[in-house]
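Hi everyone, thanks for making time this morning. Let me put a model on the screen, and then I'll walk you through a couple of places in it.

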Amino acid sequence: MIQVTCALIESKQRVLCAQRSAKMSLPLKWEFPGGKLEKGETLEDCLKREIKEELGLNIKILERLPSNTHKYSDKKIIELIPFRCSLQTSEIDLKEHSRIEWAGVSQLESFDWAEADIPIVQHYIQNFK
Ligand SMILES: Nc1nc2c([nH]c(=O)n2[C@@H]2O[C@H](COP(=O)(O)OP(=O)(O)OP(=O)(O)O)[C@@H](O)[C@H]2O)c(=O)[nH]1
């Protein structure tokens, strides 16, 4: 099982959503930015590193949310571990994703999410209205 951290970065009642590029796996699906845990790393260090690498942002981690384990059809099993976060810097530099959107809670369901993200989106909508 692959552990993957992801960030629900909040600012002004909106959440940052990122679209995977056409060249990535799960092309053009929407996700929360983050990535795979490396050996010897804490989940928090992993998330901060990935957000810096992918978006050029520094974040503050606020709270861990329930994780979701998902098996993709290629048999890859991931444990997606979400954290609510806030911004420490605000200048975004997209290094991997094709685009980002700052979505209000009511907009979140309209994105074409990566399958593993759907329960996380549902939980967020139910708890942070
Ligand atoms: N960062 C992130 N990854 C997600 C999310 N949902 C989801 O299924 N994933 C999957 O979790 C893995 C994260 O890997 P990564 O971001 O570090 O690296 P990657 O895209 O190169 O992975 P890959 O080698 O599987 O293509 C990918 O397989 C990705 O498809 C999400 O919300 N955020």
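I'll begin with confidence, then turn to a pocket and one residue.

What you see is a predicted model, where local features need pLDDT of at least 70, side-chain atom pairs count only at pLDDT 80 or more, and totals for chains, interfaces and linings use all residues. Residues are numbered from 1 along each chain as its sequence is written, and side-chain values use heavy atoms, with hydrogens and water left out.

The chain has a mean pLDDT (the predictor's confidence in each residue, from 0 to 100) of 97, with 99% of its residues at 70 or more. The scores are ipTM 0.92 and pTM 0.96.

Now, the pocket. By pocket I mean an open set of points on a 1 Å grid over the protein atoms alone, where a 1.4 Å probe fits, with protein on both sides within 12 Å along at least five of seven lines; lining residues have an atom within 4 Å of a point. The largest one holds about 500 Å³ of space, the volume being the space filled by probe spheres set on the points, which are joined across faces, edges and corners. Its lining has 27 residues, and Val4, Arg20, Ser25, Glu31 and Lys36 lie nearest the centre.

Strand 1 (strands are DSSP runs of E, at least two residues, numbered from the N terminus) gives the largest share of that lining, four residues.

Glu10 lies in strand 1 too. Its side chain makes polar contacts (N or O pairs within 3.5 Å, one able to donate a hydrogen and the other to accept it) with the side chains of Arg84, at 3.0 Å, and Tyr124, at 2.6 Å.
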